[in-house]
Amino acid sequence: MEVCQHINREDWNDLLLHSDYANYFQTPDYYDFLCTQAELQPFCLAVCEQHVPMALLCGYVLADGNPLKAYFSRRAVAQGGVLLRREAKGEHLNCLLQELRKLLGKRVIYIEIRNFLDYAAFKKPMAEEGFHYQPHYDIHVPIGSREEVMNRMDEPKRRQIKRAYAQGESWRATCSTDDLRTFYRILQQLYRTKVHRPLFPIRFFEDLLATEHAYLLVTEDASGTITGGMFCVGYERKVLYEWFVCGDVMATWAGLDFAAENGFGCFDFMGAGVPGRPYSVRDFKMRFGGTLYEYGRFLYIANPFLYRLGEWVVKHWKALV
């Protein structure tokens, strides 16, 4: 086996074709996009056997805020899980993760791999390398016709959407810079007042929207004023991923309706909280007719002391400043 940080697109795309774990966040296009973002430090590792890629992981290193807060928030994030060829074995994953720890272990406090599918068969090799499973929910909605999507939803949500249309509300897909900036201001306010998590700068959204994989869906009231919307990405008309959303029920309906209009087979909510903890967002999402899955995440803590200290600093940040 050999490990490389550079894999040609032909081999990478071949791995995507021969994997049951393929998604947008493991594509060379996504990695190329990450490389254009100044605030991110992208990484990519692949394990090959006889020059055939068997396992691959790409993602980014990120830190938030001023130097002090950034020091305690250094982490690596890999969306979508590890890309594995169908013939891949535990030793391929062991090798990949060993090299990942060497590459990032001294640069970050922790590494988080966010799964979009079931990696239960690979929990053992992951744990052997210190990547421990963390339960986490996701919701997938099967997409068919517009009517089928609507009929899967619960009755109160259907009534809300019909009422919204009757009151002149609507949604539309757009590539307009002005529309994006309006959407971003609404999203920024949501993250500041309710989500309480860092948000990528607007350039991130502008650059991603310029690619062929991203879609901006905005909702409008009867006067044509943008009230919210959804920023999503798609993978080969197979899955549409809800990455960022703000607004009311119409914003979520926009994503589902767009998926139906454009032939996507599945709508992925990209997360629904932790099992055993009440989460109103999960309750809201479940009412759109999806199925709840526990695909979880894998967490490797590179520096346990700073991880625990960082949790305390982030929790008490407002009091400290």
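Where is His51 found? I will come to that by way of the first helix. Bear in mind that this is a predicted model.

Start with helix H1, which covers residues 9–17. Its buried residues are Trp12, Leu15 and Leu16. Viewed down the axis of H1, these buried residues fall within an arc of 100°, so they line one face of the helix. What does that buried set pack against? The partners are helix H2, residues 28–34, and four strands: S2 at 41–49, S3 at 52–62, S5 at 83–84 and S11 at 226–235.

On the face of H1 turned away from the buried side sit Glu10 and Leu17, both exposed. Glu10 also comes up at the N-terminal end of the helix, where Asn8 acts as the cap. A side-chain oxygen of Asn8 lies 3.2 Å from the backbone nitrogen of Glu10.

Now back to the opening question. His51 is in the loop between S2 and S3, and Gln50 is found in that loop too. S2 and S3 are both among the elements that the buried residues of H1 pack against.

On the backbone, most residues other than glycine have a negative phi. Gln50 has a phi near 50°, which is positive. For His51, phi is near 70°, again a positive value in a residue other than glycine.

Are these two side by side in the loop buried or exposed? Gln50 has a relative accessibility of 72%, so Gln50 counts as exposed. His51 is at 63% and therefore counts as exposed as well.

Notes. Residues are numbered from 1 along each chain as its sequence is written. This is a predicted model: local features need pLDDT of at least 70, side-chain atom pairs count only at pLDDT 80 or more; totals for chains, interfaces and linings use all residues. Side-chain values use heavy atoms; hydrogens and water are left out. Buried means under 20% relative accessible area, exposed over 50%, partly exposed in between (1.4 Å probe, protein chains only). Helices (H or I, at least four residues) and strands (E, at least two) are DSSP runs, numbered from the N terminus. The arc is that of the directions from the helix axis to the C-beta atoms. Contact means heavy atoms within 4.5 Å. A polar contact is a pair of N or O atoms within 3.5 Å; within protein, one must be able to donate a hydrogen and the other to accept it, and residues adjacent in sequence count only if both atoms are side-chain atoms.
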